[in-house]
Structure formats: C-alpha cells, structure tokens
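Q: Please give me a close look at the aromatic rings in this protein, and at what surrounds them. I'd like the cut-offs spelled out as you go.

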Amino acid sequence: MQQSANTSLKTASDPETGSYQKTGLILSGGGARAAYQVGVLKAVHKILPRGDYNPFDIISGTSAGAINGIALASYADNYRIGIRHLERIWSHFDCNQIYRTDFKGVSRTLLKLVRSLVVGRGYKHDPVSLLNNAPLRKLLSEVIRFDNIQPAIDKGALHAIAINCSGLESGESVSFFQGHNSINNWQRERRIGARTQLNVDHLMASSAIPMIFPAMKINREYFADGAVRQLAPISPALHLGADKIMVIGVSGVAHKRKERRQQAAYPTPAKLMGHMLNAAFLDSMESDVERLCRINRTVERIPPHIRQQEGMELRKIDLLEINPSQSLDDIAGEHADEIPRALKMALGGSGNTSRNGSGILSYLLFSRGFCQNLIDLGYNDAMTRADEIRDFFSDHFEGRAVNRAND
C-alpha cells in the first residue's frame, strides 16, 4: 500500500514517556567517499515499506554528507524521487563538475596559493586553496531545490535539517539549521546551533576542505569544512530532537586496528594529506559513536525513576551504524587511472596518485567509476543488514508488510 507524505506512518513511541520518537540521520563528510551513503540510502528505501514518505525526521550532514542531506531534505515529501535524484547525480559524476581540472585552471589556483604564502598580506584577499571548486557551486545551484525545504517542514515531512561548518575565526563548530519552530538555538563548548534559511553558501562552506577548497564567508566569518574541529558529530541531531540515530559513515572497516607495515620510503605529500583528512573526517565520528554506546550502557543500568529523581538528562539513544565493509582507500587505488592529469600534477606526480597516495584520492576522485563502485558497495552492505534496518524502523511501521517488490 503506497502512502503519501501526508499519511502518518510514524507511530513509534518512547516506552518511558509514550511520546513520539524522532529518527535522525547522520551523514558524515568525506568528499567522493560520500557516494557510499547514496548506496546505503537506496537500500533503506528498498527494504522499508513501499511509499514516498521520508523515514528520517531529522538530517544532519557534514561536508559532502551535507550535500546528500540537503538533497534528501529537498525531496522530503517524496523520498523515492529524492533517492533516484541522488543516485543519478553521483552515477554520472566527473571531476570537472566539482573542481577545475584543466591545466590553466589548476595552474592559476596553484599560483594564487604560492603567491599568498610567499608574498603574504599583499594578496590577503586571494583564496588559499589547492583547487578551484567553482564548478561545484554551479552544479549545486542547478540540482538542489532549497525552496522545497521549508514547505516540507511545514507539512511535517521533515522536522529539521542541519549543515555543519567550522568557523575559522571563532574556532567553533556551527550547525546551521532549518527546522520546526519549536527548535531553539543552542550553545555548548565550541559548538553552537544557529537557525537560518539554508542556501548554497552553507553547502560550499561545509565542503570547503582546508587548503584543498577555498573557505566561504557567511555573515561576518569565514567557514571551512564542518568535519574540522567537529568534536561531537552526533550532537546536532540530538539538539534538533532525534531520539534514535542512524549513522552512515565513510570509514572503511571501522573500529578495527590496522596492521602496521614496514615502510621503506618517506610518506608522500598525498599520503600525509590523506592522513590529515582521515583525522578530520573519520576519527571524530568513530569516537562519538563509541561515546554514545558507553552512555547507552550506563543509562540502561539506571532505572528511569532514579534518573528523574536525580535530575539526570541522560537518555538512551537507539543507534544503527553502517560503515563500508571494504577499504575505500584500496578501492580508490584501483581507480587511480581515472584522476585528471592536471590534478596529478598538483599532487606532485604519479607517486602521489598511486596506491601509496590513495588516501587523498578517495576524497577527490569524483569519477564515474569510483563513485559507482561506492554506491554499489553501500547498497550491498546495507542489504546484508536488512533485518537490522527493518528492526530499527519497525516501530514506525507496525502492522505493515516490510517486504517490497522491485520498483
């Protein structure tokens, strides 16, 4: 039975309070790695009951995850079309849709970077970046319908959407959000939430990987990629009212120790940059998930009446985390021949764009082959956990069949 967005399928309630439980979606950053999220979201649509409804009340996105999140929010009243729209975009990506890949464009950006570093204040207004991402702004302006977001909120198809950025002057992680009028701004140590009407500038700021893409000025301050200094990636969704969380990460084989291998040569610049990007994009999410699991275990051991009596604000947050089952760095290495020649030059030659430098490739390789490979991986990873996904959403759809025919 197909349901419209106006038909209430959301019957989940908190066993302690009886109130409706809102489901939050966390989409972490990671450049081209975010193609993996599209595959997972496609599988979620496949697994859940047929319909156009949006299974996520709250969406919080960072960097490329923010782009995916906004795209979903703009189709919150028709999730099926939103997923197909996302998949169509990522399946036909080319690097030149994200940043300039011609020798003239890359050389000019590198010249500005060197000039700013060497001359300094004489060129203080020049963007300091390795690549020019003007094509990304053009693409986002064409494919994202920002004007659809508020109507979706007004109709109840979406409760809130947040885009996470990092303030370069304040050093704060800022969650720009658009949502239900019951949501208030918040402020924590180095973290704030600010209500606004979201636009392409917020997406450009959230995806501005430091030194790779230029920072974006919003109001008084320049902002860079939201993953930088984001100490608690899950927090914005909780502030927006989420009671249960689905996290789609982009860290291959997360929570497993990697083997230490003997290294004969000094790490290449691309290897070092990939290491820094991993620290920004992956480590904080893994730590925050681990922290939430510890809090959940603690809360389970404290009876509800004791928590209420002691004024404890702790509550259990149901969590479903899906991460790649394979190393995205290794997959990127297999697609190294798809990197534009000009970008290879900017990264310092073939030694930095081979398997040894595949860490940074996995963030910048917006090629059709690599992105499609990640979409397929995300879809297959989620389908192998179909039962967990059904259980996670089951209280939303009690009494309804969860098996679906092919679209």
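A: Phe56, Tyr79, Phe392 and Phe393 come together as one aromatic cluster. Rings of Phe, Tyr and Trp (its six-membered ring) count as a pair when their centres lie within 6.5 Å; planes under 30 degrees apart are called stacked, over 60 edge-to-face, and anything else tilted. Before going on, keep in mind that this is a predicted model, where local features need pLDDT of at least 70 and side-chain atom pairs count only at pLDDT 80 or more, while totals for chains, interfaces and linings use all residues. Numbering runs from 1 along each chain as its sequence is written, and side-chain values use heavy atoms, with hydrogens and water left out.

Across the whole structure, the search turns up nine aromatic pairs. In one of them, Trp90 and Phe93, the ring centres are 4.8 Å apart and the planes sit at 80°, so this pair is edge-to-face. Both partners are tucked away: Trp90 is buried, at 4% relative accessible area, and Phe93 is buried too, at 6%. (Buried means under 20% relative accessible area, exposed means over 50%, and partly exposed is in between, with a 1.4 Å probe and protein chains only.) Phe177 and Trp186 make a stacked pair, with 5.5 Å from centre to centre and 15° between the planes. Here again the rings belong to buried residues, with Phe177 at 0% and Trp186 at 9%.

Some rings have a charge for company. A charge sits over a ring if NZ of Lys or CZ of Arg is within 6 Å of the ring centre and within 35 degrees of the ring normal. Arg33 does this with Tyr363, its charged end being 4.8 Å from the ring centre. Lys42 does likewise over the face of Tyr379, at 5.1 Å from the ring centre.

Back to Trp90 and Phe93, which bring us to some empty space. Rolling a probe the size of a water molecule over the atoms shows where empty space is left. In practice, a cavity is a set of points, on a 1 Å grid over the protein atoms alone, where a 1.4 Å probe fits but cannot get out; lining residues have an atom within 4 Å of a point. Grid points are joined across faces, edges and corners, and the volume is the space filled by probe spheres set on the points. On those terms there are five cavities of 30 Å³ or more, and the largest holds about 190 Å³. Its lining takes in 19 residues, and those nearest the centre are Ile67, Trp90, Phe93, Ile98 and Leu136.

Two or more lining residues come from each of α2 (64-73), α3 (79-91) and α5 (134-143). (Helices, H or I with at least four residues, and strands, E with at least two, are DSSP runs numbered from the N terminus.) α5 is the top contributor, giving four residues. By type, the lining has 16 nonpolar residues, three polar and no charged. That sorting counts Ala, Val, Leu, Ile, Met, Phe, Trp, Tyr, Cys and Pro as nonpolar, Asp, Glu, Lys and Arg as charged, and the others, Gly among them, as polar.

As for α2, 10 of its 10 residues are buried, so the helix is largely enclosed by the rest of the structure. Ile67 is one of those buried residues, and Asn68 is another.

The other ring pair has its own surroundings. Ser182 is in the loop between β4 (173-179) and β5 (186-188), and is partly exposed at 47% relative accessibility. Its C-alpha atom is 9.8 Å from that of Gly241, 59 residues away along the chain.

A little further along the chain there's β9 (residues 244-248), where five of the five residues are buried, so this strand is largely enclosed by the rest of the structure. Lys244, Met246 and Ile248 point one way, Ile245 and Val247 the other. β9 pairs in the parallel sense with β1 (residues 23-27) over five bridges, and with β10 (residues 318-322), also parallel, over five bridges. (Strands pair if DSSP finds at least two bridges between them.) Ile248 stands opposite Leu27 of β1 and has Ile322 as its bridge partner in β10.

Terms used:
On a 1 Å grid over the protein atoms alone, a cavity is a set of points where a 1.4 Å probe fits but cannot get out, and a pocket is an open set with protein on both sides within 12 Å along at least five of seven lines; lining residues have an atom within 4 Å of a point.
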